[in-house]
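User: I'd like to go through some of the labels people put on a structure and see what backs each one up. Can you take me through a few?

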Amino acid sequence: MSNATTDRTPATAAADASADGAQGHHGHHVPWLSYLSLAASTSVIGSYVGLSKLLVVVFPVFLLAFLRFGMAAVFMLPWLKRGPTEKPLTGRTRFLLFLESFFGNFLFSICLLFGMKHSSAVVAGVIMAGIPATVALMSWIFLRERIAPRTLFGIAMAVGGIAMVALSKHGDSPGAATSGLGALLLVGAMCCEACYVVIGKHLTADLPPRRISALINLWGLALVTPLGLWQAVDFDFGTVALKDWGLLLFYAIAASTVTVWLWMKGLQHVSAAKAGVFMVFLPISAALIGLIFLGEQMNGIQMLAYALALGGVVLATWPGRAPS
């Protein structure tokens with residue numbers, strides 16, 4: 001992976017140089033639209049992190065992933081066509097697309113869905129809040145991004161909040177039960193998502209967001225098809241309620257289409273490390289889903305942790321002073 005992600009193309013270098021608008025005469029520029037896209041993407045992700053707990057009760061994990069990618073592939077067929085100004089895919093780009101889907105779709109889905117079977121939505125959201133720190137580390141190693149001290153401090157605020165929750169007890173209610181295996185799988189999902197951010201930064205320099213979304217979804221479908229068909233053989237589709245099919249359709253479109261497009265759109269003009277800070281909207285929306293729909297509870301320490309995470313976003317993205 002290191003060989004595939006440390007060779008910086010001129011397009012990537014230019015994107016990184018203009019990502020945060022913090023250098024030269026662009027010091028006053030703030031990419032608000034990109035920030036909004038990133039925040040909306042992770043908020044939707046957080047919503048289906050919680051709702052996926054309802055789907056894994058109905059569908060086996062691999063069948064659920066197979067149906068998700070299949071539904072999204074039909075929806076995104078028009079996005080596969082190469083634009084008139086796009087260059088043909090190179091071998092390096094194809095490999096990065098595979099890695100993006102392998103970590104961001106295949107392994108992430110498996111770790112997340114299996115982890116959700118052994119964890120609560122609130123705890124899952126707290127673990128996922130560690131993504132910004134993981135992204136910052138990977139962007140420094142693989143993208144050679146220089147991270148501003150204020151951004152690092154903002155990330156540290158989120159990590160501090162996570163540590164507070166990790167040291168607290170989540171109560172004795174059944175909805176809050178989390179096993180060691182569930183926590184480990186969710187940590188794996190966190191690392192996969194960080195890889196997704198770092199690799200995606202390279203891809204946005206070469207491909208438009210819609211085509212990236214469609215291509216990595218196809219890779220995800222190809223990877224999970226054998227396992228999905230294996231579980232489909234013994235599954236009774238007649239037992240699935242209409243509301244569950246509707247929830248699955250929302251999950252497919254949200255997970256493979258809307259969130260990916262929004263994320264890649266925002267990542268075009270924001271550095272990977274700073275984009276990773278917006279992952280804090282994932283645990284916040286996931287916790288809200290758990291509170292509203294799953295009957296879970298949140299204690300005062302967890303609320304403080306989420307407040308620290310939001311403060312980290314504000315600190316990391318607050319406009320800097322334009323140089324004289």
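User: Why is Lys243 called exposed?

Analyst: One thing up front: this is a predicted model. Lys243 has a relative accessible area of 64%, and exposed means over 50%, so Lys243 counts as exposed.

User: And what makes Asp244 buried?

Analyst: The cut-off for buried is under 20%. Asp244 has a relative accessible area of 11%, so the label is buried.

User: How do you know that Asp244 and Lys243 form a salt bridge?

Analyst: Their side chains meet at 3.4 Å, N to O. The rule asks for a Lys or Arg side-chain nitrogen within 4 Å of a carboxyl oxygen of Asp or Glu, so this pair qualifies. As background, side chains of opposite charge can pair when their charged atoms come close.

User: How many salt bridges does that rule give?

Analyst: The count comes to three. One of them joins the side chains of Arg211 and Glu86, at 3.0 Å from N to O. Arg211 sits in helix H10 (residues 209-232), while Glu86 is in the loop between helix H4 (61-75) and helix H5 (91-117), so that pair links distant parts of the chain, 125 residues apart. Both Arg211 and Glu86 are buried.

User: What makes Arg92 and Asp206 a salt bridge?

Analyst: The N to O distance is 4.0 Å, set against a limit of within 4 Å. Arg92 belongs to helix H5 and Asp206 to the loop between H9 and H10, so the pair ties together parts that are 114 residues apart in sequence.

User: Why is Arg92 called partly exposed, and what about Asp206?

Analyst: Partly exposed is what falls between the under 20% and over 50% cut-offs. Arg92 has 26% relative accessibility, so it gets that label. Asp206, at 34%, is partly exposed too.

User: Switching to helices, why is H7 called oblique to H9?

Analyst: Helix H7 (residues 131-143) and helix H9 (residues 180-203) pack at about 45°, with their axes 9 Å apart. Under 35 degrees would be roughly parallel, and 65 to 115 roughly perpendicular. The angle of about 45° therefore makes H7 oblique to H9. The crossing is right-handed.

User: Which residues make the contact between H7 and H9?

Analyst: On H7, they include Ile131, Val135, Met138 and Phe142. On H9, among them are Met190, Ala194, Val198 and Lys201. By class, the contact has 11 nonpolar, three polar and two charged residues.

Definitions and conventions:
Residues numbered from 1 in each chain as written. Predicted model: local features only at pLDDT ≥ 70, side-chain atom pairs only at ≥ 80, totals over all residues. Heavy atoms only, no water. Axes fitted to C-alpha atoms, helices over the stretch in contact; angles between N-to-C directions. Helix = DSSP H or I, 4+ residues; strand = E, 2+ residues; numbered from the N terminus. Parallel < 35°, antiparallel > 145°, perpendicular 65-115°, else oblique. Left-handed = near helix turned anticlockwise from the far one by under 90°. Contact = heavy atoms within 4.5 Å. Nonpolar A, V, L, I, M, F, W, Y, C, P; charged D, E, K, R; others polar. Buried < 20%, exposed > 50% of the residue type's maximum accessible area, 1.4 Å probe, protein only.
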